Amino acid sequence: MTATSRNDTLFQRACRSIPGGVNSPVRAFRSVGGTPRFIARAQGPYIWDADGKQYIDYVGSWGPAILGHAHPEVIEAVRAAALNGLSFGAPTEAEIEIAEALIARLPSMEQVRLVSSGTEATMSAIRLARGATGRNKIIKFEGCYHGHADSLLVKAGSGMLTFNNPTSAGVPPEFVQHTLVLDYNDNAAAEAAFASMGDDIACVIVEPFAGNMNLVRPAPGFLETLRTLCTRHGALLVFDEVMTGFRVGPQGAQGLTGVTPDITTLAKIIGGGMPVGAFGGRADIMANIAPLGAVYQAGTLSGNPVAVAAGLATLRLLGTPGFYEDLAARSARLCAGLEAAAQRHGIAFSSDSVGGMIGLYFRATPPTSFAEVQECNIEHFKHFFHAMLDHGVHLAPSAFEAGFVSATHTDEVIEATLAAADLAFASLKR
Ligand SMILES: *Cc1c(COP(=O)(O)O)cnc(C)c1O
């Protein structure tokens, strides 16, 4: 391992004052070993660590950096907003502008409420769904991540539809007793759950393209089945587009698939690197939110003017004609090159991409379920991850994360990535 000196020093220092040395566990290198890189600055497709080493970055702040890091127009928007004051705790015109921008892009959304993170968005969406339907039960899918609210930190237990287990200490089993956990892409399981307790189900929450168990596409008919079941049983369909929103296409996953959710949650890209989240849907559903309705939801920094300025500038730039076609072509080109390199070296590997989101899998074909994701060769991933890092490419430090391509990952950057990958795949054989 070539963890360099200042990174090591910083990590040791961080571990004294911050649990595990990181402020979010996905940043730790626990599943791959070694020391996380401390980032000093970023520009376009590149990040530089505390030792001055440059990397091509495919984490992109876990999604927001779709325009590349530190896009000059986004930075300028932030600077201009900051000069007018950082926060007021009172409404601003920019909040209306971003609400209008989101509604204009996502036809399923008639109204939207801003929050400061994806976790807040999903937590609030679930409360809204329960309040609007007067029901308690929710359905989520194994391997989908919806932030760290108590009722969503749950995995399927042995009792299938009845007994679930919290995935975190500190979550009482009673807090997850209303959460049903089903298999992603399993229509029959969703049908069975609705058949047995359809009248009690407030909502189904789903990542319309799963991105938190690596990238897993919805099987043909899966989202349509969820839509049909929700409509038939009076439940609400919640698309968690915190990752996919404006990442897979100009209208998110709902635009790509043509399936219309009742509620959508957003974050990541809509903040352009600053903390912005949102949840929205039909006006009659949103009317349940305080101050109009009885579902309480609030936030001191919600709609923060500096964060909103970054989001608005980002959304505006995403409207450039051909942006998503170009982005999708870059991702596809990267994936094709990686597959070719793996094949040259006889490594079982496959990949997939949707817009600016990529999946890299150490197995022969892209996974279609949580179980198939588990079949990826983790040892190969760990080795590949460190080899890529040595050769100047920064991937997410886990075999179970999607990767993110930006508009600044030019052909030249992709060629450099593929040259590194060729060496990394070659080193797997030794
Ligand atoms: C990142 C993510 C979240 C959580 O967002 P935070 O801003 O980290 O709280 C929720 N849902 C999905 C699909 C995500 O990818």
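This is a friendly conversation about how some features of a predicted model are recognised.

User: What makes E4 and E8 the edge strands of the seven-stranded sheet?

Analyst: Start with the order, which is E4-E12-E11-E10-E9-E5-E8 in an open sheet with mixed pairing. Strand E4 (111-115) and strand E8 (179-182) each pair on one side only, and that is what puts them at the edges. On average, neighbouring strands of this sheet are turned by 20 degrees against each other, direction ignored.

User: How do you know that E5 and E8 are paired?

Analyst: Two strands pair if there are at least two bridges between them. Strand E5 (residues 137-141) is joined to E8 by four bridges, and the two run parallel. You can look for one of these bridges yourself: Ile-138 has Thr-179 in E8 as its partner. Because four bridges meet the requirement of at least two, E5 and E8 count as a pair.

User: What lies across E5 and E8?

Analyst: Helix H5 (residues 187-197) does, and it also lies across strand E9 (201-206). The helix runs at about 150 degrees to E8.

User: Why is the contact between the ligand and Asp-240 called polar?

Analyst: A polar contact needs a pair of N or O atoms within 3.5 Å. Here a nitrogen atom of the ligand is 2.7 Å from an N or O atom in the Asp-240 side chain, so the pair qualifies. An oxygen atom of the ligand is 3.1 Å from an N or O atom in the side chain of Asn-212, so that pair qualifies too. With Gly-118 the partner is a polar backbone atom, 2.8 Å from an oxygen atom of the ligand. The protein covers 83% of the 380 Å² of accessible area that the ligand has on its own.

User: Which residues surround the ligand, and what classes do they belong to?

Analyst: Among them are Ser-117, Thr-119, Tyr-145, His-146, Glu-207, Met-243 and Lys-268. By class, the shell has three nonpolar, six polar and three charged residues.

User: What makes the peptide bond before Pro-291 stand out?

Analyst: Most peptide bonds are trans. The bond from Ala-290 to Pro-291 is cis, with omega near 10 degrees. You will find Pro-291 in the loop between helix H8 (283-286) and helix H9 (305-318).

User: And what is special about phi in Ser-61?

Analyst: Most residues other than glycine have a negative phi. Ser-61 is not a glycine, yet its phi is positive, near 60 degrees. This residue sits in the loop between strand E3 (54-57) and helix H2 (72-83).

User: Why are E13 and E16 called edge strands?

Analyst: Their sheet is open, has three strands in the order E13-E14-E16, and pairs in the antiparallel sense. Strand E13 (350-354) and strand E16 (403-404) each have a single partner strand, so one side of each lacks a neighbour in the sheet. Helix H10 (residues 323-344) packs on this sheet and touches E13 and E14, with its direction at about 180 degrees to that of E13.

User: How do you know that E13 pairs with E14?

Analyst: Five antiparallel bridges link E13 to strand E14 (residues 357-361). One of them matches Ser-350 with Tyr-361 in E14. Pairing takes at least two bridges, so these strands pass.

User: What joins E1 and E2?

Analyst: Strand E1 (residues 39-43) and strand E2 (residues 46-49) run antiparallel and are joined by four bridges. Opposite Ile-39 stands Asp-49 in E2. The two strands form a hairpin with two residues between them, and Gly-44 in the turn has a positive phi of about 60 degrees.

Notes
Residues numbered from 1 in each chain as written. Predicted model: local features only at pLDDT ≥ 70, side-chain atom pairs only at ≥ 80, totals over all residues. Heavy atoms only, no water. Axes fitted to C-alpha atoms, helices over the stretch in contact; angles between N-to-C directions. Contact = heavy atoms within 4.5 Å. Near = heavy atom within 4 Å. Polar contact = N/O pair within 3.5 Å; in protein donor to acceptor, adjacent residues only side chain to side chain. Areas by Shrake-Rupley, 256 points an atom, 1.4 Å probe, with all protein chains shown as cover. Nonpolar A, V, L, I, M, F, W, Y, C, P; charged D, E, K, R; others polar.
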